[in-house]
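Me: I'd love a close look at one part of this model. Please pick a stretch that rewards attention, go through it pairing by pairing, and then show me how it sits in the rest.

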Amino acid sequence: TKDKNGVDLVTLQNPRGFSAQVSLHGGQVLSWKNERGEELLFRSSKANSKPPAAVRGGIPICFPQFGNRGSLEQHGFARNKIWEIDNDPPPLHCKDCDRKAFIDMLLKPSEEDMKIWPHRYEFRLRVLLTSDGALKLISRIRNIGSKVFSFSIAYHTYFSVSDISEVRVEGLETLDYLDNLHHKERFTEQGDALTFETEVDRVYVGSPHIIGVFDHEKKRTFLIRKEGLPDAVVWNPWEKKAKAITDMGDEEYRQTICVDGAAIEKPISLKPGEEWTGRLELSALPSI
Ligand code: BG6
């Protein structure tokens, strides 16, 4: 199917009734629903889906830059581009891929793109819905040029939550973080699990492979598992910032928390011919 701007959308389904929707605009997951049809990702009612706008919600991919940490546009360009379907991807070790509930996408620079970021790469992204209903995003980025380049990446995941005041994030206690609200200065997390009562915009460095997002009201736990992605971003704009964001409703900050698997603090460097792989797996479980 196509969206109203003519962009291809692909729907993935599993036998248990989970589904996901992926757009070639940004290679972005726009929707992920459980077996009861409940949406697990937030998307703003004001989201602008007309390329090259970045879509506010789902899982935009920030590449090759995170935020404004470089000379490119905010969060890099991958989320603004139209990706191709990759019909013949190189073999990938993937234990859940036998049922074919996945899509392979590819982003390569055009000559025009090379003027903005002069590096030849192939970015392959597989989005997969497992038989349990977990969502996997596997990225492979290869340097097909003749000089070294480096990049940052984040899977900017907007989880859907009942109310931000009911949310707790576990797994980041005692870690160091770079605070975007304090000139990216480094602090150490002191408290227990993270709860939210004001704007938060942080990059937790060297975070564990598994992070939990607990929603007390919905009695739902999201588990984020990641490989090759040492950092974790936690972002909620809160009231004042949300009002300033044109493609987000004034009160919508309450319905989401962004927790991203990412590689930001130490950019990934690829020599000619080298390939990097990063894996993110999201699951949504009823809390006990
Ligand atoms: C976060 C950044 O990850 O993304 C924030 O750390 C930023 O600083 C936010 O405001 C949203 O970015 P954008 O470009 O999608 O509005």
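Reply: Happy to. Two residues are taken to be in contact when their C-beta atoms, placed from the backbone, lie within 7 Å. Among such contacts in the protein chain between residues at least 6 apart in sequence, 67% join residues at least 24 apart. Please keep in mind that the model is predicted: local features need pLDDT of at least 70 and side-chain atom pairs count only at pLDDT 80 or more, while totals for chains, interfaces and linings use all residues. Numbering starts from 1 along each chain as its sequence is written.

A little background helps. The protein chain has 2 helices and 19 strands, where helices (H or I, at least four residues) and strands (E, at least two) are DSSP runs numbered from the N terminus. Its radius of gyration, taken over C-alpha atoms, is 18 Å, close to the 19 Å of the globule rule for 288 residues, so the chain is as compact as a globular protein of that length; the rule is 2.2 Å times the number of residues to the power 0.38. Of these 288 residues, 41% count as buried. Burial here is a count of other C-beta atoms (placed from the backbone) within 10 Å of a residue's own: 20 or more is buried, 12 or fewer is exposed, and in between is partly exposed.

The part I'd pick is the run β1, β2 and β3. Strands pair if DSSP finds at least two bridges between them. Strand β1 (residues 9-13) and β2 are antiparallel partners over 5 bridges, with Gln13 opposite Ser19 of β2. They form a hairpin with 5 residues between them, and Gly17 in the turn has a positive phi of about 100°. Strand β2 (residues 19-23) is in turn joined to β3 by 5 bridges, again running antiparallel. Here Ser19 stands opposite Lys33, and Gln21 has Ser31 as its bridge partner. Ser19 therefore has one opposite number in β1 and another in β3. The hairpin of β2 and β3 has 4 residues between the strands; its turn includes Gly26, with a positive phi of about 85°.

β3 (residues 28-33) is the strand to dwell on: 5 of its 6 residues are buried, so the rest of the structure largely encloses it. Within its span, Val29 is among the residues with the most contacts inside the largest nonpolar core, which has 71 residues. Such a core is a set of buried Ala, Val, Leu, Ile, Met, Phe, Trp, Tyr and Cys residues joined through C-beta atoms within 7 Å. Leaving aside neighbours within four places in sequence, Val29 touches Ala20 and Val22, and also Leu41, Gly58, Ile59, Val127 and Leu135. Of these, Val127 is likewise listed among the core's best-connected residues, together with Phe159, Val234, Val259 and Ala262. In soluble globular proteins, nonpolar side chains tend to be buried together.

Leu135 leads us onward, since strand β8 covers residues 135-143 and also holds Ile138. Ile138 is buried, with 22 other C-beta atoms within 10 Å. Beyond four places in sequence, its contacts are Leu92, Cys94, Arg126, Thr277 and Arg279. β8 belongs to an open sheet of 8 strands, ordered β5-β6-β7-β8-β19-β16-β15-β11 with antiparallel pairing. The edges are β5 (84-85) and β11 (167-170), each with a single partner strand, so one side of each is left without a neighbour in the sheet.

Back at β3, the loop that leads on to β4 (61-62) contains Pro52, which is joined to Pro51 by a cis peptide bond with omega of about 5°. After β4, the loop to β5 contains Pro64, and a second cis bond, with omega of about 0°, links Phe63 to Pro64. His75 is in that loop too. Its phi is near 60°, positive although the residue is not glycine, and with 22 C-beta neighbours inside 10 Å it counts as buried.

His75 also belongs to the residues around the ligand, along with Ala54, Gly67, Gln74, His156, Asn180, Asp201, Val233 and Trp235; the test is a C-beta atom, placed from the backbone, within 6 Å of the molecule.
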